[in-house]
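Me: Please take me through this structure by question and answer, with each term explained when it is needed.

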Amino acid sequence: MQRRLAALLLMGIGALMLQQLADLIVGIALRGNNPTQQLDQFSRWEGKIYLLLLITFAIMPLALKQNSARSSSV
């Protein structure tokens, strides 16, 4: 895997999109929610925390690159 900024960011965004697609499918199939109900969860404080965790998930490849750069320079 290339360790360029754009490639790592695309990896994180792609992973986030796949995760959210799975979350939508589970919400529809198992909980009987429609897409609007799924999006409404982000308006509550629990949803805002979840959104913050999703953003962290998306930028994790960048964070890991920074961590590996620090450890390789030691």
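**Helices, burial and side-chain contacts**

Me: In which helix does T56 lie?
Reply: This is a predicted model, in which local features need pLDDT of at least 70, side-chain atom pairs count only at pLDDT 80 or more, and totals for chains, interfaces and linings use all residues. Residues are numbered from 1 along each chain as its sequence is written, and side-chain values use heavy atoms, with hydrogens and water left out. Helices are DSSP runs of H or I with at least four residues, and strands are runs of E with at least two, both numbered from the N terminus. By this numbering, T56 lies in helix α3.

Me: Is T56 buried, partly exposed or exposed?
Reply: A residue is buried under 20% relative accessible area, exposed over 50% and partly exposed in between (1.4 Å probe, protein chains only). The relative accessible area of T56 is 34%, which means that T56 is partly exposed.

Me: How far apart in space are T56 and G12, C-alpha to C-alpha?
Reply: In sequence, T56 and G12 are 44 residues apart. G12 is one of the buried residues of α1. From C-alpha to C-alpha, the distance between T56 and G12 is 9.3 Å.

Me: In what order do the elements of the chain run from the N terminus?
Reply: The chain has three helices and zero strands. From the N terminus on, the order is α-α-α.

Me: What span should helix α1 have, and how far apart are its end C-alpha atoms?
Reply: Helix α1 covers residues 5-29, which is 25 residues. The expected span is 1.5 Å times one less than the number of residues. The span should therefore be 36 Å, and the end C-alpha atoms agree with this, being apart by 36 Å.

Me: Which residues of α1 are buried?
Reply: An α-helix has 3.6 residues a turn, so residues three or four places apart point the same way. In the chain of 74 residues, 18% count as buried. Those buried in α1 are A7, L8, G12, D23 and G27.

Me: With which residue does D23 form a salt bridge?
Reply: Side chains of opposite charge can pair when their charged atoms come close. A salt bridge is a side-chain nitrogen of Lys or Arg within 4 Å of a carboxyl oxygen of Asp or Glu. D23 counts as buried because its relative accessibility is 14%, and its partner has a relative accessible area of 46% and is partly exposed. The side chains meet at 3.7 Å, N to O, and the partner of D23 is R31.

Me: Which residue forms a salt bridge with R44?
Reply: The structure holds two salt bridges, and the one at R44 has an N to O distance of 3.5 Å. R44 is partly exposed, at 47% relative accessible area, and its partner is partly exposed at 38%. The partner lies in helix α3 (residues 45-72). The residue that meets R44 is E46.

Me: At what distance does the side chain of Q38 reach the backbone oxygen of D23?
Reply: A polar contact is a pair of N or O atoms within 3.5 Å; within protein, one must be able to donate a hydrogen and the other to accept it, and residues adjacent in sequence count only if both atoms are side-chain atoms. Q38 belongs to helix α2 (residues 35-40) and counts as buried because its relative accessibility is 5%. The side chains of Q38 and R31 are joined by a polar contact of 3.3 Å. The side chain of Q38 reaches the backbone oxygen of D23 at 3.2 Å.

Me: Which residues are in contact with D23, leaving aside its neighbours within four places in sequence?
Reply: Contact means heavy atoms within 4.5 Å. One side chain makes a polar contact of 3.4 Å with the side chain of D23, and it belongs to Y50. The full set of contacts for D23, with those neighbours left aside, is R31, Q38, Q41 and Y50.

Me: How many aromatic pairs are there, and which residues form a stacked aromatic pair?
Reply: Rings of Phe, Tyr and Trp (its six-membered ring) pair if their centres lie within 6.5 Å; planes under 30 degrees apart count as stacked, over 60 as edge-to-face and the rest as tilted. By this rule there is one aromatic pair. With 5.9 Å centre to centre and 10° between the planes, the stacked pair is F42 and Y50.
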